[in-house]
Amino acid sequence: MDFVAMIGLKNLLVILLCLAFMSYHLFPRTEALVRMTLKKRVLDRDTFSAIRFARKLASDRDFMKLLHSSYDGSETDVVYLKDYLGGQYYGEIAIGTPPQKFNVIFDTGSSNLWVPSAKCLFSIPCYFHSKYRAKMSSTYTAIGKSCRVKYGSGSISGFFSRDDVQVGDLVVKVQEFIEATREESISFLLAKFDGIFGLGFKEISVGNATPVWYNMVDQGLVKYKVFSFWLNRDLEGEVGGELVFGGVDEKHFKGMHTYVPLTKKGYWQFNMGDFLIGDYSTSFCADGCAAIVDSGTSLITGPTAVITEINHAIGAEGAVSHECKDVVDRYGEMIWDLLVSGLEPNQVCSHLNLCTMCESDGIESVVERERVNDVGGGLFCTPCKLTVIWVHNKLKQTKTKDLVLEYVDKLCGRLPSPHLESVIDCNKISILPNVTFTIGDKPYTLTPEQYIMKTRAGFATICLSGFMAFDVPPPKGPLWILGDVFMGAYHTVFDYGNLQLGFAEAA
């Protein structure tokens, strides 16, 4: 049966549009702890050296014991987070006096707070969401400086203002935020949330605005400089998740958290080790990869080359890249011979005149490949770079030329479509391999049930890969983004005071 006909073109478009948007310790002193209960929406996105651990394992354990001993969940302030289709986790805040309520994404991948403005008159998404009305707030202070914030799925523009912001029962005084007057993406139109509440570092804050979290700490609203996320992946659950400011809730994790140091302030960035599919090492991150934890991204994203291998291993179907297959057919043996001869991988494609020497060594996103035809090498540059990576990895395993080229040709068929969707046969979930991330020398495994997202379209159930190709160019990339798919499996502590991240199995 035709896939589109089975689920309905309209429903499929809604799913794809929502997918497009995806490219956006237990602590004491209960009076200083805010627990945000999340609501969920079922799915409708430099070479860095790790800094030394600031704390020894023993001191970490002592700290956790102290935090556990004084936590009393009955006295915490709670904000319920909703979940829309496992792809958007959002909760309620209020701005102004009297309070004006907004649903926001709590996003560790950005640092600004913005909501739609009453002055947003020519942007359709604004008409479907709550707007901030400055004239109605007695605590409003004008700033007026214009700004624009870019996200993977679009951008917003507006101007800065100041007002009080309420998060749970805490009130952050004189907080700088953005009144959005233009929302430049249809993704915002479909979104269940009104705005975004950034939880990243000030280093990436547009306009150098002080993030809300910084002011929570500076104004003494939390004793411990940490916040933590639990995301409920049970789509039938009444509560979508929980965000705790100033601590963690021990009901939502098992055992102790394992901590890794941040390698760079801005995003919550750390160094990740090897990535395995089943027991097979991709070798892509054997020498370390930069990664961030991002609560505002629904899936797990990574470089096209390795994501394609993952989707091949789990049977995820994308659009066939004819350019990639052409490269394998025409140049596959030459690429093999050049690599065997000792030519550096980053020189192979220029040696074959498929890429110019002035082109970036980074892999362009496959979805953006149509844009590369204005430079030397044209359509075949990116597929050539991908082929070189795959062949080079297989050479390390002493595979024969024919077997390697056959494997690479199959990988070409797993490249994602322009809309990044990758569909999986729901009947095969039980036989699919686990995937494992190595963080701080410890394995973090995701089962098929954890990395595959299910949604309904009409009478059909659709299974989607939780992995999406997204190429961040140098010097910031390559970069992995561990989004809600990973955070749903592992309770995550964002330790601002010690500049580290903690992971424990979610409960």
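In this predicted model, Lys 265 is partly exposed, with a relative accessible area of 37%. Its salt-bridge partner is Glu 203, and the closest N and O atoms of the two are 3.6 Å apart. The bridge links distant parts of the chain: Glu 203 sits in the loop between strand E9 (195-198) and H5, while Lys 265 sits in the loop between strand E12 (258-261) and strand E13 (269-277), 62 residues apart. Glu 203 is partly exposed as well, with a relative accessible area of 48%.

This bridge is one of nine in the structure. Another joins the side chains of Asp 164 and Lys 173, at 3.5 Å from N to O. Here the two ends fall into separate classes of accessibility. Asp 164 has a relative accessible area of 9% and is buried, whereas Lys 173, at 44%, counts as partly exposed. Arg 148, Arg 182 and Glu 184 are linked in a network of salt bridges.

A further salt bridge leads to the helices H7 and H10. Lys 325 pairs with Asp 409, with 3.1 Å between the closest N and O atoms. Lys 325 belongs to helix H7 and Asp 409 to helix H10, and the two are 84 residues apart. Both ends are partly exposed: Lys 325 has a relative accessible area of 25%, and Asp 409 stands at 28%.

The helices H7 and H10 are also joined by a disulfide. Cys 324 is bonded to Cys 412, with an S to S distance of 2.0 Å. Cys 324 lies in helix H7 (residues 322-340) and Cys 412 in helix H10 (residues 401-412), so this link spans 88 residues. The torsion about the S-S bond is about -60°, and the disulfide is therefore left-handed. Cys 324 and Cys 412 are both buried, whereas Lys 325 in helix H7 is partly exposed.

How many disulfides does the structure hold? There are six. One of them joins Cys 349 to Cys 384, at 2.1 Å from S to S. Its torsion of about -100° makes this link left-handed. Because Cys 349 lies in helix H8 (residues 345-351) and Cys 384 in helix H9 (residues 381-395), the pair ties together parts that are 35 residues apart in sequence. Cys 349 is buried, with a relative accessible area of 5%, and Cys 384 is buried at 0%. The disulfide of Cys 285 and Cys 289 has its sulfur atoms 2.1 Å apart. With -95° about the S-S bond, it is left-handed, and both of its cysteines are buried. When the bonded cysteines are numbered in sequence order, the pairing reads 1-2, 3-4, 5-10, 6-9, 7-8, 11-12.

Next come the nonpolar cores. The largest nonpolar core has 75 residues, and among its members Phe 197, Phe 437 and Trp 480 touch the most others. Helix H5 (residues 212-218) gives the most to this core, with five residues. A second core, separate from it, has 28 residues, including Leu 339, Cys 384, Trp 390 and Cys 412. Cys 384 and Cys 412 in this second core are the disulfide partners of Cys 349 and Cys 324.

Aromatic contacts form a further layer of the picture. The whole structure contains 29 aromatic pairs. The rings of Tyr 444 and Tyr 490 have centres 5.0 Å apart and planes at 80°, so they meet edge-to-face. Since Tyr 444 lies in strand E19 (residues 442-446) and Tyr 490 in strand E24 (residues 490-495), this pair ties together parts 46 residues apart in sequence. Tyr 444 is buried, with a relative accessible area of 2%, and Tyr 490 is buried at 11%. Tyr 444 also pairs edge-to-face with Phe 503, at 5.7 Å centre to centre and 65° between the planes. Phe 503 lies in strand E25 (residues 500-505), so this second pair ties strand E19 to a part 59 residues away in sequence. Phe 503 counts as buried, at 0% relative accessibility.

One aromatic cluster includes Phe 106, Phe 197, Trp 213, Tyr 214 and Trp 268 among its members. Phe 197 is also one of the residues that touch the most other members of the largest core. Two lysines place their charged ends over tyrosine rings: Lys 131 over Tyr 127, 4.3 Å from the ring centre, and Lys 394 over Tyr 407, 4.2 Å from the ring centre.

Definitions and conventions
Residues are numbered from 1 along each chain as its sequence is written. This is a predicted model: local features need pLDDT of at least 70, side-chain atom pairs count only at pLDDT 80 or more; totals for chains, interfaces and linings use all residues. Side-chain values use heavy atoms; hydrogens and water are left out. A disulfide is a pair of cysteine sulfur atoms within 2.5 Å. Buried means under 20% relative accessible area, exposed over 50%, partly exposed in between (1.4 Å probe, protein chains only). Helices (H or I, at least four residues) and strands (E, at least two) are DSSP runs, numbered from the N terminus. A nonpolar core is a set of buried Ala, Val, Leu, Ile, Met, Phe, Trp, Tyr and Cys residues joined through side-chain atoms within 4.5 Å. Rings of Phe, Tyr and Trp (its six-membered ring) pair if their centres lie within 6.5 Å; planes under 30 degrees apart count as stacked, over 60 as edge-to-face and the rest as tilted. A charge sits over a ring if NZ of Lys or CZ of Arg is within 6 Å of the ring centre and within 35 degrees of the ring normal. A salt bridge is a side-chain nitrogen of Lys or Arg within 4 Å of a carboxyl oxygen of Asp or Glu.
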